[in-house]
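Subject: Structure handover

Hello,

Here is the structure I promised to pass on. Please open it first and then read the notes below beside it.

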Amino acid sequence: MWRCGGLRTLGPLRRLSRGSAHHKVQRWNSSPACERALQYRVGEKIHGFTVNQVTSVPELFLTAVKLSHDDTGARYLHLAREDTNNLFSVQFRTTPMDSTGVPHILEHTVLCGSQKYPCRDPFFKMLNRSLSTFMNAFTASDYTLYPFSTQNPRDFQNLLSVYLDAAFFPCLRELDFWQEGWRLEHENPDDPQSPLIFKGVVFNEMKGAFTDNERIFSQHLQNRLLPDHTYSVVSGGDPLCIPELTWEQLRQFHATHYHPSNARFFTYGNFPLEQHLKQIHEEALSRFQKIEPRTEVPAQKPWDEPREFQITCGPDSFATDPCKQTTVSVSFLLPDITDTFEAFTLSLLSSLLIAGPNSPFYKALIESGLGTDFSPDVGYNGYTREAYFSVGLQGIAEQDIGTVRSLIDSTVDEVVEKGFEDDRIEAVLHKLEIQMKHQSPSFGLALTSYIASCWNHDGDPVELLQLGDLLVKFRQRLKDNPKFLQEKVKQYFKNNQHKLTLSMKPDDKYHEKQAQMEAEKLRQMVGSLSPEDKQLIYKKGLELRAEQSKPQDASCLPALKVSDIEPTTPVTELHVVLAAGDTPVQCCAQPTNGVVYFRAFSSLNSLPEELRPYVPLFCSVLTNPRFEEEEHFRVLVKMAAQELANGVPDSGHLYASIRAGRTLTPAGDLQETFGGMDQVRLMKGVAEMADVTPVLRKLPRIKEHLLHCDNMRCSVNATPQQMARAQREVENFLRGLGCGQKGREPARPHVVEKPAHNGSDGNAHVCGSQIVRKLITDPTFTPCQMKTHFLLPFPVNYVGECIRTVPYTDPDHASLTILSRLMTAKFLHTEIREKGGAYGGGAKLSRSGVFTLYSYRDPNSVETLRAFGKAVDWAQSGKFTQQDIDEAKLSVFASVDAPVAPSDKGLDHFLYGLSDEMKQAHRERLFAVSHDSLVAVSHAHLGSARSTRGWAILGPENAEIAKDPSWVTR
């Protein structure tokens, strides 16, 4: 998986903590995992490693142990924490000097087989032989990271063995390079007369990635601002450069970059450190000696004067104004990210400058009405050796570029002069404190990603984690010098000559030009081939197809057994009370670290049909205090529309799946209305309106129907000590909302009432009144089949097919769940990814019983739909073994038993009405799934004659679909 820059989903770990250090130390000292780690002594030798540092980090309830490997110099960081979701990662500094995508293709190829595990694609096979809570790999601009996590000790050792062998001893077979990277192959591999074309998983992934204009802009921004070394190229690969990479170059890159001397190992959780060190040393590091990897990234030479560049992109199909599709940003080079306190300060300063409607740049840029949203990569970016800050606007007219630049300059001047109000600084710090207290079920993954960039450039990862010390230092600097932040703005923004103005405008022929350049590249490469070369390509294509079709013996891989799965579902204690009269409130006492989590569920049953499409807009603006002002509302609408439009290229498979399921269930129709392409187009239309008053007037009407206490049910997760107060606050909140109008006609009068679970004994009575869940039904709904093709200027497709089956409580649902994993692992992965070249694809089943087949960044469309049909035929034929079934069960239970944060405990019951008893019954049905039941449900529910289904494709024009009258083109 490629990410320009770094892993940007992990921002909360820049959050701070204050005011409760003593309390935290007391709780932290009670942790057995941390107490064990504190016993290590600096200089101690453990299985070929030497302990270099042992540090308690009470803010995060952990103890950090830094080590180094004696023979290779490999670095190691262990974070001991009383968390059962243990994580391992190894990262390598990978610094390509061209845009062939060599680190990205290598990331894919090392996972295709190794010396100890020579079967094809052990990575994907382990997804079904493990109870892992996470498995993946990431290529950033200057490092490659391989993480996994699991709650099972034996599983941890199994996965560690596979990951170590893949990283350090991969097979790197030429056929795997062709499959995962790029290859010339006949359009029809069986027909040597069919034209030669480019194929390959990464090739298609990157073609899909650069259909996203935001990614195009972000990539160019980094390339132009840091032009001297590795950041000037595309680490993931430019589709026009990928065909220049050779297999030998790939092997050489592995030899020079995937060495322990260039590696950083990380473990997290409550498993013993000694076992990790022993296995890593014996299975990998003992076979190496220290080298000098020479992968350092030199400092970027600062500029003497600012620079400007303009680039082009494809037109935005969802732009609210065709004349306003230009993006511009001003970016500033900042100091080295290994200066931890300076990076901390600048990250905080970035929040003050851009976060929220009261921030200076929001007021100056967003409220100007010149654009639709901030430019991509806005704010502080700490994923390259030197950080940078960027701010600007997208969705502007080209002639407004100068105006935006002037606004940025004047805002910087104003901040230098006036600074920030103390209340705003405290508000940002308080928000960070709350976010820091939030407990994530994947905390280890968040930590390894948070430290990756700094550690990659020889920064101190432990110092980065000591947030309390950084905050104390920050407050002291601010106290000693009230103009501390203003001086930083002056130094890094006003007086900084390393300043880039980047603009991007649409070119109507952009996609056509890209296709022409690819065609020319192909023409040149094919033109240089001799008849012997072409014959070899044909034979290699057949060889690859034969290899992909060959049954695979995965017996060399380690695996858990179904008997390793816990037989019972953990019990979640719930208590339901009534508040403000008859409003049910589900209370779940959990160790939430002092944070109270409140949720309210409001019924749409009385909401008129014509208002329903505007509910997402109502939700997005509800917490903005000024949304009732027309001009401010217009700004919010433009931002919402832009955000939806920007999300389509990256989530096309989700949009295709939602659309395909639209006509199968009433809930599917509502899902399309709220979160599908219909919503994208609706918001585009609202943003284009000259007068938004008619839409603005709908919001108070929506509020009248939704926000009253007799239309709600609520949930609270808090510590036992906080629960009584939390209940009082909920009572006050509900009474403040008031009751709805009596006698209001429901839009859908058919309501089924079901008793709500109350407490572990299942008692559903409170104060003599039974608490009920009101479920809306539509007995008149008739499912129907529909095929929709959304024509979009993408070079790849996103394909979805949905089949109506049975819901969670039906006995067949468990078998269909196992079948979806079985079809993904044993058929669809081979057909869609390996043979078809799509980046991803598979099958899944929702709680409501919608069975979905999908593909992602797929060079094919109609062919993929045929593969979906073949997958059903394969399932009905029963061509799978008991081992295949057991592996599918392991994969399903890995998801079923994934860790749940204290804030989310009980949500299955609150949102879906699933009690522990219902989940246990479903669990037992999953265990009982057999070969016969799988074949039976495939015939009963997936056969074309016995099911109702829908299809949808997002992608370019397709001649075959255009000729088929059963398809609706949008």
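I start at one pair of residues in a sheet: Val-57 sits across from Leu-62, a residue of β3. Please keep in mind throughout that this is a predicted model.

Strands β2, β3 and β4

Val-57 ends strand β2, which covers residues 49-57 and is joined to β3 by 8 bridges, the two running antiparallel. Between these two strands the hairpin has 4 residues, and Phe-61 there adopts a positive phi near 60 degrees. On the other side of the pairing list is β4 (residues 75-81), also antiparallel to β3 and linked to it by 7 bridges. One of the pairs here is Val-65 with His-78 of β4. The hairpin of β3 and β4 has 5 residues between the strands, and Gly-73 in its turn shows a positive phi of about 80 degrees. How many residues of β3 are buried? The count is 6 of the 8 in residues 62-69, so the strand is largely enclosed by the rest of the structure. When you look at the side chains, remember that in a regular strand they alternate between the two faces of the sheet.

The chain as a whole

The chain contains 35 helices and 31 strands. Its C-alpha trace spans about 80 × 75 × 65 Å along the principal axes. A compact globule of 970 residues would have a radius of gyration near 30 Å, and the chain agrees with that at 28 Å. Buried residues make up 57% of the 970. Taking contacts between residues at least 6 apart in sequence, 80% of them join residues at least 24 apart.

Helix α18

This helix covers residues 484-494, and its buried residues are Phe-484, Leu-485, Gln-486, Lys-488, Val-489, Tyr-492 and Phe-493. An α-helix has 3.6 residues a turn, so residues three or four places apart point the same way. The cover over the buried residues of α18 includes the strands β13 and β16 and the helices α11, α13, α14 and α17.

Two single residues

Is Thr-320 buried or exposed? Its relative accessible area is 17%, and the cut-off for buried is under 20%, so Thr-320 counts as buried. Thr-320 belongs to the loop between β12 (307-313) and β13. Leaving out residues up to four places away in sequence, Thr-320 touches Thr-372, Ala-641, Lys-684, Ala-687 and Glu-688.

Ser-820 belongs to helix α29, residues 811-835. Ser-820 counts as buried because its relative accessibility is 2%. Beyond its neighbours within four places in sequence, Ser-820 contacts Ala-843, Lys-844, Leu-845 and Phe-851.

Cavities

Rolling a probe the size of a water molecule over the atoms shows where empty space is left. The structure has 5 cavities of 30 Å³ or more, and the largest has a volume of about 380 Å³. Which residues lie nearest the centre of the largest cavity? They are Asn-213, Pro-315, Asp-316, Gln-642 and Asn-646, out of 30 lining residues. By type, the lining has 12 nonpolar, 13 polar and 5 charged residues. At least two lining residues come from each of α8 (213-225), β16 (386-396) and α22 (630-647). The most come from α22, which supplies 4. Strand β16 turns up twice in these notes, as part of the cover over α18 and in the lining of the largest cavity.

Regards

Methods:
Residues are numbered from 1 along each chain as its sequence is written. This is a predicted model: local features need pLDDT of at least 70, side-chain atom pairs count only at pLDDT 80 or more; totals for chains, interfaces and linings use all residues. Side-chain values use heavy atoms; hydrogens and water are left out. On a 1 Å grid over the protein atoms alone, a cavity is a set of points where a 1.4 Å probe fits but cannot get out, and a pocket is an open set with protein on both sides within 12 Å along at least five of seven lines; lining residues have an atom within 4 Å of a point. Grid points are joined across faces, edges and corners, and a volume is the space filled by probe spheres set on the points. Ala, Val, Leu, Ile, Met, Phe, Trp, Tyr, Cys and Pro count as nonpolar, Asp, Glu, Lys and Arg as charged, and the others, Gly among them, as polar. Buried means under 20% relative accessible area, exposed over 50%, partly exposed in between (1.4 Å probe, protein chains only). Contact means heavy atoms within 4.5 Å. Two strands pair if DSSP finds at least two bridges between them. The radius of gyration is taken over C-alpha atoms; the globule rule is 2.2 Å times the number of residues to the power 0.38.
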